[in-house]
Each structure stands twice: as structure tokens, then as C-alpha cells.
Amino acid sequence: MTARIEHLVTSGTFALDGGTWDVDNNVWIVGDDEEAVVIDAAHDAQAILAALGGRTLRAILCTHAHNDHIDAAPALADATGAPVLLHPDDLPLWKLTHPDRTPDGELADGQGLTIAGTRLDVLHTPGHAPGAVCLYAPDLGTVFTGDTLFAGGPGATGRSFSHFPTIVDSIRDRLLTLPPETVVRTGHGDPTTIGAEAPHLDEWIRRGH
């Protein structure tokens, strides 16, 4: 039996470079009736715990370390004993939110994680943040892109630690090479597919998104 995907939306604020914005975040739970991983522990550890329903949490996977994607990670880790995993290139961002606690382990490009018999492949996709990763589950036909790729284009690159040419390269080389029917599950907003986004790459480059 392969894992299933569950979806929770939590609300809070995103803060960077002296500004704050109200945001709704997608929290993704991948697992079965016994065990699961959480992708992006955003805002509300209690709501995520309730959604887990007593299952063993194997890991808290961070697509990147903007505060709205990691603010509930330490509390969720403390409540469950699950390790928080982050690409090390995002440690400077992590420390802006959690200066007194470090992640428990690292995510690395090419790493494979298995939950409920289903493999998640780590793709390092810098640009929105230096240590941004996407998590590709070929058996589920989906990729969890955090804030790297949305319905309609790349994630924002107008703030500290971000770079537009880098995110374009990441999307072109790491994501648009996936099967076109792959469902893109994003950090905010609605899902899309690789096939729906691929034709627009040149347009994104022209407008500098």
C-alpha cells in the first residue's frame, strides 16, 4: 500500500526584511495509518498534531526556512520526537526565526526518504531561498515544491537570500524535466501540474517575474 497525501491549511504571518504579511500556508502530510512525515510545519503545531491523529511522525521536512514554513517546527518536534530536517544552505534564514535551536538533520540533493513504503526524492532547487528543496514522490505522481514553483510561475525572488536567474535554472533543470502529468503541490495556493507550467518558462524569463 502506498502512502496517501493529506492537506492542511494554516494561517499566520510571513516576516522578512522588516516587513510582515498575512499568509495561508499549505501543510502536507504524507503517510499511512501508522506513520507519516510533515512537509512544512507552518504556524500551528496543535492543528498539525490533530491532523496526525496519533500516528508516528517520522520527520518534519522543511522545503526552505522562511519563517512561515518553519515557525511551528520546533513545537511539533518537541511534541512528537520527530527530527526537523533542512538543507544546510538555509541555516542563515532558519536562525532568523529560531536562533536558539538548530535543525536535527540535513536534507541533501539526491537524498531519498521513505515513508509508508513510498520514496521521497530530495531535489535542491535554490532561488527562492539558498537551501530550497522540492520533494518528488514518483509513486504518487507528485512533487512538493514549497515556494519554488506555483500555479502561474516561480516563487518570489525580490527579498534577501533570493535570486531570480537561480530559481529559473532550478525550475528548468530540476522540475520541468519531471513527467508532465506530475501534480505540483505548492507551499501556498492551489496545485498545478508540470505540464501546465512548462510552456510558460520563456514568458517568466521575459517578464523577470
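Which residue in strand 3 is the bridge partner of I29? In this predicted model, the bridge partner of I29 in strand 3 is V38, and the account below sets that pairing within the sheet around it before turning to the helices and to a second sheet.

## The sheet of strands 1 to 6

Six strands, taken in the order 1-2-3-4-5-6, make up an open sheet whose pairing is mixed. Its edges are strand 1 and strand 6, the latter covering residues 105-106, and each of these edge strands pairs on one side only.

Strand 1 (residues 4-16) and strand 2 (residues 19-31) run antiparallel and are joined by 13 bridges. Among the residues of strand 1, F14 has W21 as its bridge partner in strand 2, while L16 is partnered by G19 of strand 2. The hairpin of strand 1 and strand 2 has two residues between the strands, and in this hairpin D17 takes a positive phi near 55°.

On the way from strand 2 to strand 3, the chain passes through a hairpin of three residues. Strand 3 covers residues 35-39, and its pairing with strand 2 is antiparallel, with four bridges. Besides the pairing of I29 with V38, V30 has V37 as its bridge partner in strand 3. As a general point, the side chains of a regular strand alternate between the two faces of the sheet.

## Helices across the first sheet

Helix 1 lies across strand 1, strand 2, strand 3 and strand 4, where strand 4 is the stretch 56-61, and the helix runs at about 175° to strand 1. Helix 3 lies across strand 3, strand 4 and strand 5, the last of which is the stretch 84-86, and helix 3 runs at about 155° to strand 4.

How do these helices meet each other? The axes of helix 1 (residues 45-52) and helix 3 (residues 73-80) come within 9 Å and cross at roughly 45°. Because of that angle, helix 1 counts as oblique to helix 3, and the crossing of helix 1 and helix 3 is right-handed. From helix 1 the contact is made by A45, I48, L49 and L52, and from helix 3 by A75, L76, A79 and T80. Sorted by kind, the residues of this contact between helix 1 and helix 3 are seven nonpolar, one polar and no charged.

## The sheet of strands 7 to 14

A further open sheet is formed by six strands in the order 7-8-9-10-13-14, and here too the pairing is mixed. Strand 7 (112-115) and strand 14 (192-193) are the edge strands of this sheet, each pairing on one side only.

Within this sheet, strand 10 (residues 142-146) pairs with strand 13 (residues 183-186) in the parallel sense, over four bridges, and T142 has V183 as its bridge partner in strand 13. Helix 5, made of residues 164-175, lies across strand 8 (118-124), strand 9 (133-137) and strand 10, and helix 5 runs at about 145° to strand 8.

## An aromatic pair between strands 2 and 10

The structure holds two aromatic pairs. One of these aromatic pairs is formed by W28 and F144, which are tilted, with 5.8 Å centre to centre and 55° between the planes. W28 lies in strand 2 and F144 in strand 10, so this pair ties together parts that are 116 residues apart in sequence. Strand 2 is also the strand that bridges to strand 1 and to strand 3, whereas strand 10 is the parallel partner of strand 13.

Note on methods: Residues numbered from 1 in each chain as written. Predicted model: local features only at pLDDT ≥ 70, side-chain atom pairs only at ≥ 80, totals over all residues. Heavy atoms only, no water. Pairing = 2+ DSSP bridges. Contact = heavy atoms within 4.5 Å. Axes fitted to C-alpha atoms, helices over the stretch in contact; angles between N-to-C directions. Parallel < 35°, antiparallel > 145°, perpendicular 65-115°, else oblique. Left-handed = near helix turned anticlockwise from the far one by under 90°. Nonpolar A, V, L, I, M, F, W, Y, C, P; charged D, E, K, R; others polar. Phe/Tyr/Trp six-rings, centres within 6.5 Å; stacked < 30°, edge-to-face > 60°.
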